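Here's a quick tour of how one chain packs together and where its charged side chains pair up. Have the model open as you read.

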Amino acid sequence: GYGRAVYLAAWRVLGDAGQAEDVQQDVFLRLIEKPPTDVASWPAYLTAMATRQAIDRLRSRQRWRRLRPLWKAAEPVAADTTEEDAEQAERAQRLRAALARLKPQHAECFVLRHVHGLDTAAIARATGLTPSHVGVCLHRAAQTLESLLNDHARPAQEVL
């Protein structure tokens with residue numbers, strides 16, 4: 001149900017099961033305290049809400065915990081750590097660190113687009129931004145991430 005979707009949305013940003021569960025609880029507590037009116041798409045709305053809260057946590061988190069490279073994965077999975085896993089985990093960690101430095105709105109749009117696969121119209125509906133504002137946020141997020149990540153050996157395009 002929606003609970004799983006909210007958990008996964010948070011987990012994809014944070015890479016940490018405990019923190020994803022905290023976000024999941026926070027999202028549903030907020031819904032109970034202040035139920036929204038006129039939600040066009042509950043999955044998109046909840047994904048945006050979970051993403052926003054997960055990014056807040058990412059920004060406030062000082063030490064990086066053991067992070068898994070699960071940007072592309074549909075489900076949390078335990079895998080034997082190989083050299084490739086370690087390399088991907090390092091890339092995921094760099095990307096999370098860079099995301100935490102973006103403006104929150106830019107980070108939110110980026111994650112909704114590139115992690116959750118929402119199109120511009122869906123992001124606009126979920127966040128309450130105009131489609132053109134979403135486009136600007138996506139462009140600025142990509143520019144900033146590229147500049148934050150391009151001092152590493154791999155090009156930003158490969159990291160993203």
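Which side chain meets that of Arg-57 in a salt bridge? The partner is Asp-22, with N and O 3.8 Å apart. Bear in mind that this is a predicted model.

**Charged pairs**

The structure holds 4 salt bridges. The one between Arg-57 and Asp-22 ties together distant parts of the chain, since Arg-57 sits in helix α3 and Asp-22 in helix α2, 35 residues apart. Add Asp-26 and you get a network of salt bridges linking Asp-22, Asp-26 and Arg-57. Neither end of the 3.8 Å pair is buried: Arg-57 is partly exposed at 23% relative accessibility, and Asp-22 is partly exposed too, at 32%.

Glu-108 and Arg-52 make another long-range link, this time from helix α5 to helix α3, across 56 residues. Here the two ends fall into separate classes: Glu-108 counts as buried because its relative accessibility of 6% is under the 20% cut-off, while Arg-52 is partly exposed at 33%.

Then there's a local one. Arg-94 and Glu-90 share helix α4 and lie 4 residues apart, about one turn of the helix. Arg-94 is buried at 12% relative accessibility, whereas Glu-90 is partly exposed at 42%.

Here are three of the pairs side by side:

| Pair | Closest N to O distance |
|---|---|
| Arg-57 and Asp-22 | 3.8 Å |
| Glu-108 and Arg-52 | 2.8 Å |
| Arg-94 and Glu-90 | 2.8 Å |

**Where α1 meets α3**

Arg-57 turns up again in the contact of α1 with α3. The two axes come within 8 Å and cross at roughly 35°, and the crossing is right-handed. On the α1 side, the contact residues include Tyr-2, Val-6, Ala-9 and Val-13; on the α3 side, Trp-42, Leu-46, Ala-50 and Ile-55 are among them. By type, the contact divides into 13 nonpolar residues, 2 polar and 1 charged.

**The nonpolar cores**

In soluble globular proteins, nonpolar side chains tend to be buried together. In this model the largest nonpolar core has 31 residues, and Val-27, Leu-99, Val-111 and Leu-145 touch the most other members. Helices α1, α2, α3, α4, α5 and α7 each supply at least two residues of this core. Which helix gives the most? That's α1, with 8 residues.

A second, separate core has 13 residues, including Cys-109, Ala-122, Val-134 and Leu-138.

Methods. Residues numbered from 1 in each chain as written. Predicted model: local features only at pLDDT ≥ 70, side-chain atom pairs only at ≥ 80, totals over all residues. Heavy atoms only, no water. Core = buried A, V, L, I, M, F, W, Y, C linked by side-chain atoms within 4.5 Å. Buried < 20%, exposed > 50% of the residue type's maximum accessible area, 1.4 Å probe, protein only. Axes fitted to C-alpha atoms, helices over the stretch in contact; angles between N-to-C directions. Left-handed = near helix turned anticlockwise from the far one by under 90°. Contact = heavy atoms within 4.5 Å. Nonpolar A, V, L, I, M, F, W, Y, C, P; charged D, E, K, R; others polar.
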